[in-house]
Amino acid sequence: MNALFKALNDPTRRAILELLREQPRTAGEIADYFQFSKPTISHHLDLLRQADLVSSDKQGQFVTYTLNMTVMDELLGWLLQFQKS
């Protein structure tokens, strides 16, 4: 759970998740939305992958990232348990 909160704690990683909510994207497509170097974006994507928030699929030279909704659903369920009845 700590890796999940660490991943969500950064505004860039949250913006990446919003992009992936629209559709799967390659690392290059994601990098085009930001003013960071590609290694910096790769670091953010790695942290999101470690937290299981995204999955990756390598096809040749390209890596496509997809939002992992299962983890998001689990997080939402965990958060909702703190809601007052």
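**A guided look at a predicted model**

Trainee: In what order do the 3 strands of the open sheet stand?

Mentor: Happy to start there, and keep in mind that this is a predicted model. The sheet is open and holds 3 strands, with antiparallel pairing. Reading across the sheet, the order is β1-β3-β2.

Trainee: Which strands stand at the edges, each with a single partner strand?

Mentor: An edge strand has one partner, so one of its sides is left without a neighbour in the sheet. That description fits two strands here, residues 25-26 and residues 54-59. They are β1 and β2.

Trainee: How many bridges join β2 to β3?

Mentor: Strand β3 covers residues 62-67 and runs antiparallel to β2. Two of the partnerships can be named: V54 is bridged to L67 in β3, and D57 is bridged to T64 in β3. The count of bridges joining β2 to β3 is 6.

Trainee: Which residue in the turn of the β2 and β3 hairpin has a positive phi?

Mentor: Between β2 and β3 there are 2 residues, and the two strands form a hairpin. In that turn, a positive phi of about 70° belongs to G60.

Trainee: Is T26 buried or exposed?

Mentor: Let's place T26 before judging it: this residue lies in strand β1. Leaving aside residues up to four places away in sequence, T26 touches F62, V63, T64 and Y65. Its relative accessible area is 17%, and the cut-off for burial is under 20%. T26 is therefore buried.

Trainee: At about what angle to β3 does helix α2 run?

Mentor: Helix α2 spans residues 11-22. The helix lies across β1, β2 and β3. Its angle to β3 is about 90°.

Trainee: What relative accessibility does L20 have?

Mentor: L20 lies in helix α2. Not counting residues up to four places away in sequence, L20 touches R25, I30, V54, Y65 and L67. L20 counts as buried, because its relative accessibility is 4%.

Trainee: How far apart are the C-alpha atoms of L20 and E74?

Mentor: Along the chain, L20 and E74 are 54 residues apart. In space, their C-alpha atoms are separated by 18 Å.

Trainee: Which element gives the most to the lining of the largest pocket?

Mentor: The largest pocket holds about 150 Å³ of space, and its lining is made of L8, R14, L17, E18, R21, L67, M69 and M72. Two elements give two or more residues to that lining, namely α2 and α5 (69-80). With 4 residues, the one that gives the most is α2.

Trainee: What kind of aromatic pair do W78 and F82 form?

Mentor: There are 3 aromatic pairs in the count, and ring pairs link F5, W78 and F82 into a cluster. For W78 and F82, the rings are 5.0 Å apart centre to centre, with 75° between the planes. Planes over 60 degrees apart belong to one class, so this pair is edge-to-face.

Trainee: Of W78 and F82, which counts as exposed?

Mentor: Exposed means over 50% relative accessible area. W78, at 32%, counts as partly exposed. At 55%, the residue that counts as exposed is F82.

Notes:
Residues numbered from 1 in each chain as written. Predicted model: local features only at pLDDT ≥ 70, side-chain atom pairs only at ≥ 80, totals over all residues. Heavy atoms only, no water. Pairing = 2+ DSSP bridges. Contact = heavy atoms within 4.5 Å. Axes fitted to C-alpha atoms, helices over the stretch in contact; angles between N-to-C directions. Phe/Tyr/Trp six-rings, centres within 6.5 Å; stacked < 30°, edge-to-face > 60°. Buried < 20%, exposed > 50% of the residue type's maximum accessible area, 1.4 Å probe, protein only. 1 Å grid on protein atoms, 1.4 Å probe; cavity = no way out; pocket = protein on both sides within 12 Å on 5 of 7 lines; lining within 4 Å. Points joined across faces, edges and corners; volume = space filled by probe spheres on them.
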